[in-house]
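Let's take a walk through this protein together, one stop at a time. Have a look at the picture first, and keep it open while you read.

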Amino acid sequence: MFSESVRCLVVVGAQWGDEGKGKLVDVLAEQATIVARYQGGANAGHTVLVGEEEFILHLIPSGILYPRTRCLLGNGVVVDPWTLAEEMEGLRGRGIDLGGRLGLSKRAHLVMPYHRVLDQAQESSRDSENKIGTTGRGIGPAYRDKVARVGLRVGDLADDQRTREVVEAACHAANGTLERLGDERADPEAAMEQLDSVRAMLLDLATDTGHELRTGLAAGGRVLLEGAQGALLDIDHGTYPYVTSSSTTAGGAAAGVGIGPTLIDEVLGVVKAYTTRVGNGPLPTELTGGEADRLRHLGGEFGATTGRPRRPGWFDANVVRYAGGVNGLTSLAVTKLDVLDSFEEIRLATGYEFEGDAIGPFPDSVELLERVTPVYATHEGWQTSTTGCRSWEELPGQARSYLRRVEAESAVPIRYVSVGAARRETIRLGAGGVGIRT
Ligand code: GDP
Ligand code: IMO
Ligand code: MG
């Protein structure tokens, strides 16, 4: 995917997260000099399988498993220092050398213990219809402090007085809310003490990640920007309010690392060959009962961060077409095709109807999205294993026909097809997509 003319590539989720971004980033990172996360925090769970070993990364970019790749957490990420410390320890314990390979933006905001407490207390206080189903990782409250200009940034830790002032003010504000919600309270002294255990580590990693990326690109380096979550969870473009609190789409990538959008050459959208969602909110092609259990079981659809069962549904081309537009996708990677191997029939939604009329642009209201009826196309299943396929030609005819339909309805060329979790279980196609293939 990288070439003389492609130096900077963004990988985004083009559904509701968990599309297999970790796997794709790992596959592509082999050719990258720098891999950077640009938004989100430890709400992400990116799974990478290397040989028999499975790694689940929450904060550290999925490029870390190659020995020479430099991995950065950009200014747009909200960093839970204790999760980061645990993740670093875990990787070191498994023989991954992190020496000089990890950098953290001084402008990145910290997720503090009181953000987690607030997140969980706010979720518990909502009645069941209004719960967002957050990961409970403190993401919303941390971004709220950032936008309200009262957050604590990595660079602040060098100044003890400033750190204390921010923490005290934040705890005071948090307690205003917590007093209404329950028994837990934010304690500034405890927070300061907890920070003591990670301050040196954070300052050691702290750097100007934007400067590093700009100079790296100017020197001919290859940069991969790794998105977390997915387009439909984007704070602006997703199914608000059932979204996360950051700009997950490609537009957020430039701002989240500190480069200009003109430096981005390609945007790869990752999609499953079906759909899943974890947490609440509309999912028009959602399956229920036995069909849902079957897809969940075959796809191992349980959250990598919270272990919650994911809600499965058929592929929804309305969603991917929309994600293609809001991200400016230049190509697609379709993952987990093998999960559909045993199905007799496979459906995909090509449009939506509401009260008998076709719906035009993707609905901006969740109330409407809850009520649309998907218009389905039905494809014959291939009912044979695709996991061993390594080329387009080796895929069964019905699978090729399904993928051609996915591409045509999504209006984005397919560049990769993933047929298993392992690196080698990946079919690489040319830039033209599958529509031109027989
Ligand atoms: P991410 O958050 O987008 O990185 O995705 P997750 O890691 O949360 O979920 C994707 C899951 O699917 C992981 O367990 C991957 O190992 C697995 N996976 C990725 N690609 C494939 C594939 O093509 N086939 C199968 N069977 N599993 C895959
Ligand atoms: P990756 O990067 C899937 C969902 C949560 C919830 C909503 C808001 O692995 O694809 P938050 O904790 O962010 O405030 O929760 O967003 N969510 C994800 N769903 N994959 C993720 O990350 C997610 N990160 C958050 O389930 O519905
Ligand atoms: Mg995930």
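In this predicted model, an oxygen atom of ligand 1 has a backbone N or O atom of Gly420 sitting 3.1 Å away. Taken on its own, ligand 1 exposes 590 Å², and the protein buries 89% of that. Who else is around? There are 18 residues around ligand 1, and those that come nearest are Lys21, Gly22, Thr47, Asp338 and Ser418. Glu19 joins in with a polar backbone atom, 3.1 Å from an oxygen atom of ligand 1. Asp18 uses its side chain instead: a polar atom there lies 2.9 Å from an oxygen atom of ligand 1.

Keep your eye on Asp18, since it turns up again at the magnesium ion (ligand 3). Which protein atoms act as donors to that ion? They are an OD atom of Asp18 and the O atom of Gly45, lying 2.1 to 2.2 Å from the magnesium. Asp18 belongs to the loop between β1 (8–13) and α1 (21–29), while Gly45 belongs to the loop between β2 (34–37) and β3 (46–50), so this pair ties together parts that are 27 residues apart in sequence. Are these two donors buried or exposed? Gly45 is buried, with a relative accessible area of 11%. Asp18 has 21%, and because buried means under 20%, Asp18 counts as partly exposed.

Next stop: ligand 2. Asp18 is here too, with a backbone N or O atom 2.8 Å from an oxygen atom of ligand 2. Asn43 reaches in with its side chain, placing an N or O atom 2.8 Å from an oxygen atom of this ligand, and a backbone N or O atom of Gly133 lies 3.3 Å from one. The protein covers 98% of the 550 Å² of accessible area that ligand 2 has on its own. Of the 20 residues around ligand 2, Asp18, Lys21, His46, Thr135 and Thr244 come nearest. Sort the shell by class and you get 7 nonpolar, 10 polar and 3 charged residues.

Finally, find helix α9, residues 250–257. This helix is mostly covered, with 6 of its 8 residues buried. Those buried are Ala250, Gly252, Ala253, Ala254, Gly256 and Val257. What do they pack against? Their partners are β1, β2, α8 (209–218), β10 (223–226), β11 (266–272) and α11 (317–327). Just past the end of α9 comes Gly258, which takes a positive phi of about 85°.

Terms used. Residues numbered from 1 in each chain as written. Chains lettered and ligands numbered in written order. Predicted model: local features only at pLDDT ≥ 70, side-chain atom pairs only at ≥ 80, totals over all residues. Heavy atoms only, no water. Donors = N, O, S within 2.8 Å, 3.2 Å for Na, K, Ca; no water. Helix = DSSP H or I, 4+ residues; strand = E, 2+ residues; numbered from the N terminus. Buried < 20%, exposed > 50% of the residue type's maximum accessible area, 1.4 Å probe, protein only. Near = heavy atom within 4 Å. Polar contact = N/O pair within 3.5 Å; in protein donor to acceptor, adjacent residues only side chain to side chain. Areas by Shrake-Rupley, 256 points an atom, 1.4 Å probe, with all protein chains shown as cover. Nonpolar A, V, L, I, M, F, W, Y, C, P; charged D, E, K, R; others polar. Contact = heavy atoms within 4.5 Å.
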